[in-house]
Amino acid sequence: MTGIELVRGDITRQSVDAIVNAANSSLLGGGGVDGAIHRRGGPEILAECRKLRASHYGKGLRTGQAVATTAGRLDARWVIHTVGPVFSGSEDRSELLASCYRESLRVADELGARTVAFPAVSAGVYGWPMDDAARVAVGTVRDTRTSVSEVRFVLFDEPAYEAFAARVG
Ligand code: ADP
């Protein structure tokens with residue numbers, strides 16, 4: 001059974017096996033969680049992202065996919081980069097958002113990570129309503145078979161924390 005834990009705070013301060021990054025498909029860094037992870041984790045992470053891009057993801061990492069790098073100076077062994085979908089009011093993209101959580105857990109399993117911290121993927125610049133982002137995140141983790149023993153959702157502000165708390169129950 002995978003335990004779900006909720007923390008209000010900064011994901012770059014977590015001590016876990018793997019920290020999930022809400023990356024963009026370029027893998028070359030961005031704002032939000034992505035910017036914070038690269039800032040605190042140092043240049044090693046970006047260097048590995050660049051190599052991955054050159055070797056495997058010339059067209060970018062596809063939405064809903066996940067790939068791991070070193071965690072640099074973060075207190076973790078790996079960063080798992082996943083690309084969330086941009087929210088759409090006209091099209092249901094929740095399966096792609098679910099895929100981010102499933103694929104990140106699959107990569108975590110491959111690595112042997114037992115504790116994994118997730119941000120609220122797509123719920124920032126990508127515009128996903130927090131309540132629905134929490135529904136997909138918690139529902140997908142609960143429905144995924146994984147060797148990860150602890151999933152820690154790290155929520156940046158109180159409304160995000162409350163939205164996840166309502167789903168975890
Ligand atoms: P996306 O582009 O997938 O929407 P963002 O990074 O813009 O990703 O935002 C995703 C969520 O992460 C938002 O709820 C945002 O408030 C939150 N966030 C931003 N910085 C941090 C951080 N350092 N730790 C945890 N969550 C963060």
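**Entry 1. Record and overall form**

I began with the UniProt record, an unreviewed entry, whose annotation "domain: Macro" covers residues 1–169. The model I examined is a predicted one.

I looked up how the annotated span begins and ends. The end C-alpha atoms of residues 1–169 lie 17 Å apart. I noted that 39% of this span is helix and 20% is strand.

I then listed the secondary structure. The protein has five helices and six strands. Read from the N terminus, the elements follow the order β-β-α-α-β-β-α-β-α-β-α. I recorded a radius of gyration of 14 Å, close to the 15 Å that the globule rule gives for 169 residues, so the protein is as compact as a globular protein of that length. The C-alpha trace spans about 40 × 35 × 30 Å along its principal axes.

I also looked up burial and contacts for the whole protein. Of the 169 residues, 43% are buried. Among contacts with a separation of 6 or more, 73% are between residues 24 or more positions apart.

**Entry 2. Helix α5**

Which residues of helix α5 are buried? In this helix, residues 158–168, I found Ala160, Tyr161, Ala163, Phe164 and Arg167 to be buried. They lie on the same side of α5, because they cover an arc of only 160° around the axis. On the other side I found Glu158, Pro159 and Ala166, which are exposed.

I next asked what covers the buried residues of α5. The cover includes strand β1 (3–8), helix α4 (130–143) and strand β6 (150–155). After α5 comes glycine 169, and its phi is positive, near 75°.

**Entry 3. The shell around the ligand**

I looked up the residues around the ligand and noted that there are 20. Those that come nearest are Ile11, Ala22, Gly32, Gly124 and Tyr126. Which helix gives the most to this shell? Helix α1 (residues 32–41) does, with four residues. By class, I recorded 13 nonpolar, five polar and two charged residues in the shell.

**Entry 4. Isoleucine 37**

I stayed with helix α1 and selected isoleucine 37, which lies in it. This residue counts as buried, because it has 28 C-beta neighbours inside 10 Å, and the cut-off for burial is 20 or more. Not counting residues up to four places away in sequence, isoleucine 37 touches Thr12, Ile19, Asn21, Ile45 and Val79.

I also compared its position with that of alanine 166. The two residues are 129 residues apart in sequence, and their C-alpha atoms are 27 Å apart in space.

**Entry 5. Valine 16**

I located valine 16 in the loop between β1 and β2 (18–23). Is valine 16 buried or exposed? It counts as buried, with 24 C-beta neighbours inside 10 Å.

Which residues does valine 16 contact, leaving aside its neighbours within four places in sequence? I found Ala76, Thr115, Val116, Ala117 and Arg152. For alanine 76 I looked up the separation: the C-alpha atoms of valine 16 and alanine 76 are 5.2 Å apart, although the residues are 60 residues apart along the chain.

**Entry 6. Two positive phi values outside glycine**

I checked leucine 27, which has a positive phi of about 60° although it is not a glycine. Leucine 27 sits in the loop between β2 and α1. It is buried, with 25 other C-beta atoms within 10 Å.

Serine 122 was my next case. Its phi is near 75°, again a positive value in a residue other than glycine. I found serine 122 in the loop between β5 (115–118) and α4. With 27 C-beta neighbours inside 10 Å, serine 122 counts as buried.

**Entry 7. Glutamate 103**

My last look-up was glutamate 103, in helix α3 (residues 94–111). How is its environment classed? Glutamate 103 is partly exposed, because 19 other C-beta atoms lie within 10 Å, whereas a buried residue needs 20 or more.

With residues up to four places away in sequence left out, glutamate 103 touches Gly64, Gln65, Ala66 and Thr82. I also noted valine 67, which is 36 residues from glutamate 103 in sequence and 8.5 Å from it in space, C-alpha to C-alpha.

Note on methods: Residues numbered from 1 in each chain as written. Predicted model: local features only at pLDDT ≥ 70, side-chain atom pairs only at ≥ 80, totals over all residues. Buried ≥ 20, exposed ≤ 12 C-beta atoms within 10 Å, placed from the backbone. Arc of directions from axis to C-beta. Contact = placed C-beta atoms within 7 Å. UniProt positions renumbered as here; feature names shortened; annotations may be inferred. Rg over C-alpha atoms; globule rule 2.2 N^0.38 Å. Near = placed C-beta within 6 Å. Nonpolar A, V, L, I, M, F, W, Y, C, P; charged D, E, K, R; others polar.
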